[in-house]
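Visitor: I have a protein model open and would like to learn how to read it. Could you walk me through some features?

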Amino acid sequence: MFQNESQIMLFTKNTYIAAFLCVALLPLTLLYYIAVSIRHFLYDSGLKSSYRPEIFTISIGNITVGGTGKTPTVISLVNSMTKRGLTSLVVTGGYGRKSKGRVILNISTQVTESGDEPLTIYRKTKSEVVCDKNRTSAIKDLSDNYDAVVLDDAFQHRAVKKHLDIVLIDENRFLGNRLLLPSGILRDKISRLRYSDVIILSKVKDINSASVKEKISYLKKFGKRILISKLDYSYISDGKLKTGLKDISGLSISLFCGIGDPDDFFGIFNSFKIVYSRIFPDHCSYSESELAVLNKIKNDSDILITTYKDFVKIPPDIVKELNIRYLEIDLKFYDETHSEFDLSDLIMR
């Protein structure tokens with residue numbers, strides 16, 4: 001794991017700092033716990049009401065901060081339903097967008113209007129995608145001609161009663177130190193998993209590993225259906241042409257991204273000749289300063305590779321000039337017996 005003594009010392013120092021911050025932030029964590037508990041109490045007691053849509057409504061959410069793979073899971077679910085003849089309306093808050101009110105995406109929608117994740121979902125599914133912080137209103141106004149509504153990042157959205165709540169938990173970070181924000185990575189109480197319908201252990205590298213078995217054993221205590229998701233990838237693309245990963249093994253590659261959990265993306269290229277790896281803030285808008293960094297990186301690189309979520313925010317002329325590609329990924333799902341699973345089976349009745 002460590003190459004030399006200095007790396008060990010740095011790791012130890014960072015561990016002490018993390019422990020100190022965890023303890024120092026406990027008062028704020030307590031306040032956050034109280035706020036979350038009161039909110040759930042108001043809904044559980046009926047003091048705050050929830051809207052139950054007539055249309056079958058599915059939520060893809062999580063209980064931790066950072067990337068758990070919600071967007072690829074939404075895409076996989078919607079595309080799976082489409083293959084079975086079911087039409088979907090995707091409703092999202094549109095995090096990071098600069099627009100106000102409701103935005104219904106179309107082929108001319110800019111990323112500033114929708115945010116990167118909604119635009120990614122729209123382009124990868126060709127289904128109807130709407131950004132609206134008032135999800136209840138969006139469902140009431142727009143869902144009549146669809147077979148199902150898919151809510152992105154809505155496990156904590158108690159204003160809508162879903163028919164199916166799917167919660168993703170990243171296998172690598174799992175539940176962290178089991179503490180709520182800001183001392184930990186939890187945005188909701190672990191006990192809320194009992195109110196989900198399906199738990200997906202996401203970003204799994206080896207479905208047969210001892211780590212996966214241990215975590216599934218822990219999750220079973222919540223009495224919910226458990227699935228496993230694994231990244232599947234084999235090529236990069238510029239949006240038109242695909243190139244197999246095996247065909248770029250001899251090139252000098254630079255990687256960059258602005259996503260919640262970049263480690264998995266970078267790890268895919270461990271065996272490649274990497275010149276630079278650059279992490280930008282999550283939902284990075286790629287303004288002139290970021291593009292200047294990419295231009296500098298390109299000088300020593302044959303090709304720049306990023307995620308599709310980042311790719312959609314970069315102007316086409318810059319993509320061509322800097323020879324930027326995105327990693328095309330798909331997800332494979334497995335049940336507890338390690339048999340492949342089709343997500344649309346969750347709603348086919």
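Visitor: Which residue is the bridge partner of isoleucine 58 in strand 5?

Guide: Bear in mind that this is a predicted model. Two strands count as paired if at least two bridges are found between them. Here, isoleucine 58 has valine 150 as its bridge partner in strand 5. That is part of a wider pairing: strand 1 and strand 5 (residues 148–152) run parallel and are joined by five bridges.

Visitor: How many bridges join strand 1 to strand 6?

Guide: Five bridges link strand 1 with strand 6 (residues 164–170), and these two also run parallel. To find one on your screen, look at isoleucine 60, whose bridge partner in strand 6 is isoleucine 166.

Visitor: How many residues of strand 1 are buried?

Guide: Buried means under 20% relative accessible area. In strand 1 (residues 56–62), seven of seven residues are buried. Check one side and you find Phe56, Ile58, Ile60 and Asn62; turn to the other and you find Thr57, Ser59 and Gly61. Both faces are covered.

Visitor: Let's try a helix. Which residues of helix 5 are buried?

Guide: Helix 5 (residues 116–125) is mostly covered, with eight of its ten residues buried. Those are Asp116, Glu117, Pro118, Leu119, Thr120, Ile121, Tyr122 and Thr125.

Visitor: And what covers the buried residues of helix 5?

Guide: Several elements contribute, including helix 3 (70–83), strand 2 (88–92), helix 4 (111–114), strand 4 (128–131), strand 5 and helix 10 (308–311). So you meet strand 5 again here, this time as cover for a helix. Follow the chain just past helix 5 and you reach lysine 126, which has a positive phi of about 60°.

Visitor: Now the surface. Why does glutamate 340 count as exposed?

Guide: Exposed means over 50% relative accessible area. Glutamate 340 counts as exposed because its relative accessibility is 56%. This residue sits in strand 14 (residues 340–341). Leaving out residues up to four places away in sequence, glutamate 340 touches Lys332, Phe333 and Tyr334.

Visitor: Why is isoleucine 38 called partly exposed?

Guide: Partly exposed lies between the buried and exposed cut-offs of 20% and 50%. Isoleucine 38 belongs there because its relative accessible area is 46%. You will find isoleucine 38 in helix 2 (residues 26–44).

Visitor: Which residues form the nonpolar patch on the surface?

Guide: Look for Leu28, Leu30, Leu31, Tyr33, Ile34 and Ile38. Together they have about 570 Å² of accessible area.

Key
Residues numbered from 1 in each chain as written. Predicted model: local features only at pLDDT ≥ 70, side-chain atom pairs only at ≥ 80, totals over all residues. Heavy atoms only, no water. Patch = residues over 30% accessible without salt bridge, like charges linked within 9 Å, V, L, I, M, F, W, Y side chains within 5 Å. Areas by Shrake-Rupley, 256 points an atom, 1.4 Å probe, with all protein chains shown as cover. Salt bridge = Lys/Arg side-chain N within 4 Å of Asp/Glu carboxyl O. Helix = DSSP H or I, 4+ residues; strand = E, 2+ residues; numbered from the N terminus. Buried < 20%, exposed > 50% of the residue type's maximum accessible area, 1.4 Å probe, protein only. Contact = heavy atoms within 4.5 Å.
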